[in-house]
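Good morning, and thank you for making time for this presentation. Please keep the structure in view while I speak.

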Amino acid sequence: MKKNNEKGKFKIKYIIFLIALAAVTILLSLSLYFFMRGERDVGQLVRSETVYVIIALLALLPVLLIVLIAAVLVRRKKNAQTEIVISSVNIDAPAAATAQPAEEKIEESEGRFDGLSRIDDMRESYKRSDYREDITLKRLCESFRNFSANKLKLYYDISDIRRFIAGMAVSHILILQGMSGTGKTSLAYAFGEYLDNTSTVIPVQPMWKERTDLIGYYNEFTKRFNETDLLKKMYEANYSKDIYITVLDEMNIARVEYYFAEFLSLLELPDAEKRNLSVVSDEWESDPKQLRNGHIKLPKNMWFIGTANNDDSTFAISDKVYDRAMIMDLDKKAEPFAAPREKNLHITSDRFDELAAQAVKEYTLSGRNRKRLEKLDEYMIENFHITFGNRIMKQINTYIPVYVSCGGDELEALDDILAKKVMRKLSMQNPVYIRNSADRFCRYMDELFGEENMQLCKAFVRRLEKNA
């Protein structure tokens, strides 16, 4: 096709040149004719000196014509030799192979997912056998804290470590919030190092609005999919049993409910096998093995940990996100301490889920605190029209046993999750009403749980009272 186009262009140039040559020849001949006749009008237009120029041009015309004819003959001979070479090369090639351009064949053979295809080739390397089965949740918290302090020089209170591990048992979405410099990103990074599976840190950008900002998009010009680090890590996680940590750094610098909406909906599905994330709208034969009908399975062994700052440059996180995620406040840095040396822990996500399920059976919420919780629910409904709801109750019934299994206290865990999940809803009430009701509410909490308990809940209410 390309060679035929070149032939056509050469013929057009050849014809134009001949027409121009003929026109110049005619004009020069007429000028010379009128000049030789000596007519007055022509004599005014053509000076006597120009007759030599006209004669010289007329003499050059045959030379130019000979050069043009020679160029045509040389080009025809060259084209004939090229056709012989091409026909000899393709004489044994199948018709189907010669019918398709080379560029299209290369694209089809390589596929549009370079990174994911390489992971397919390395899939055996993601399977390990040196996992620990004898670990407990309490030992996991202590070991992780010592590992961070000894090897990474990152120091955390043991209560913060317990909240972090218990939060992972409740939801695959955690939000670490607090002042800058308190170690939010470092905590998630340190846990990845402890698991010997480095965390993937994704800096969220202010302009993000949809899932393609997280996983990438198909480029129509290059015929390739622009794969992000998150997409490749999710694909890799589906080949592995390890725990994978993804950090959404400064997650609320853009609207979380926009770019993370599809992830939020899929993580709500109880059956992990049905959490299929749309990547492309069609399917190619050359697509990676784990990409089915343009979808990738959202790995059940991946946790998303977002860090959030509350300042003028960020967006408020919506209730939709808060209700589905576990919240952890990091408001101060822990004091350095001497820690023993600890090795990395190799544990599967299935084993972690088993430890959480075992904790729920062994450390279920005591009957006394369950009755207290029911009375508090009635009080919140009557005075603030706020109820716990099924989702919050499910989170409470998982969070408290796991926190206790990590070595914590039941009332301490109850205070923490109520402050994050229930008391937070008071901030959406009338500020004047909250200010007038704060004293009565705190007195009720003292009567129900004791003056020395539920400090986080009472502090949250007092903060609302002060800001009203």
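I begin with a term: a cavity here is a set of grid points where a 1.4 Å probe fits but cannot get out, and a residue lines it if it has an atom within 4 Å of a point. What we have on the screen is a predicted model, and in it there are two cavities of 30 Å³ or more.

The largest cavity has a volume of about 50 Å³. Which residues line the largest cavity? They are Arg163, Gly167, Leu174, Met326, Ile327, Met328, Tyr399 and Asp416. Two elements, α8 and β9, give two or more residues to this lining; β9 has the largest share, with three residues. In terms of class, five of the lining residues are nonpolar, one is polar and two are charged.

The second largest cavity holds about 30 Å³ of space. Around it are Arg128, Tyr131, Leu195, Asp242, Ile243, His346 and Ile347, a lining of four nonpolar residues, one polar and two charged.

Let me step back to the chain as a whole. It contains 20 helices and nine strands. Of its 468 residues, 44% count as buried. Among contacts with a separation of 6 or more, 79% join residues 24 or more positions apart.

A word on confidence. The average pLDDT of the chain is 84, and 77% of the residues score at least 70. Over residues 39–46, however, pLDDT is below 50, and this stretch has five contacts in the model beyond near neighbours in sequence. Residues 82–109 also stay under 50, with nine contacts beyond four places in sequence. Where pLDDT is low, the predicted coordinates should not be read in detail.

I turn now to the pockets. About 840 Å³ of space lies in the largest pocket. It is lined by 26 residues, and those closest to its centre are Val170, His172, Leu267, Arg275 and Lys394. The elements giving two or more residues to this lining are α8, α13 (261–267), α15 and α17. Its residues divide into 13 nonpolar, four polar and nine charged.

The second largest pocket has about 640 Å³ of space. Of its 21 lining residues, Asp329, Asp331, Lys420, Phe460 and Arg463 are the closest to the centre. At least two residues each come from α8, β9 (326–329), α18 and α20 (455–467), and the largest share, six residues, belongs to α20. The class count for this lining is seven nonpolar, four polar and 10 charged.

Next, one helix in more detail. Helix α7 covers residues 137–151, 15 residues in total, and reaches 21 Å from its first C-alpha to its last, close to the 21 Å expected. Which residues of α7 are buried? They are Leu137, Leu140, Cys141, Ser143, Phe144, Asn146, Phe147, Ser148 and Ala149. An α-helix has 3.6 residues a turn, so residues three or four places apart point the same way. In the list just given, Leu137, Leu140, Phe144 and Phe147 are among the buried residues of α7. The cover over the buried residues includes α8 (158–170), α9 (184–194), α15 (349–362) and α17 (389–405). After α7 comes Lys153, with a positive phi near 60 degrees.

That brings me to backbone angles. Most residues other than glycine have a negative phi, and most peptide bonds are trans. Asp196, in the loop between α9 and β2 (200–203), has a positive phi near 60 degrees. Asn293 also has a positive phi, of about 50 degrees, and is found in the loop between β6 (276–278) and β7 (295–297). Are these residues buried or exposed? Asp196 counts as partly exposed because its relative accessibility is 40%, which lies between the limits of 20% and 50%. Asn293 is exposed, because its relative accessible area is 54%.

My final residue is Lys425, in the loop between α18 (410–421) and α19 (431–449). Why does Lys425 count as buried? Its relative accessible area is 15%, and buried means under 20%. Beyond its neighbours within four places in sequence, Lys425 is in contact with Asp323, Ile386 and Ile392.

Thank you; I would be glad to take questions.

How values were computed. Residues numbered from 1 in each chain as written. Predicted model: local features only at pLDDT ≥ 70, side-chain atom pairs only at ≥ 80, totals over all residues. Heavy atoms only, no water. Helix = DSSP H or I, 4+ residues; strand = E, 2+ residues; numbered from the N terminus. Buried < 20%, exposed > 50% of the residue type's maximum accessible area, 1.4 Å probe, protein only. Contact = heavy atoms within 4.5 Å. Expected span 1.5 Å × (residues − 1). pLDDT = per-residue confidence, 0-100. 1 Å grid on protein atoms, 1.4 Å probe; cavity = no way out; pocket = protein on both sides within 12 Å on 5 of 7 lines; lining within 4 Å. Points joined across faces, edges and corners; volume = space filled by probe spheres on them. Nonpolar A, V, L, I, M, F, W, Y, C, P; charged D, E, K, R; others polar.
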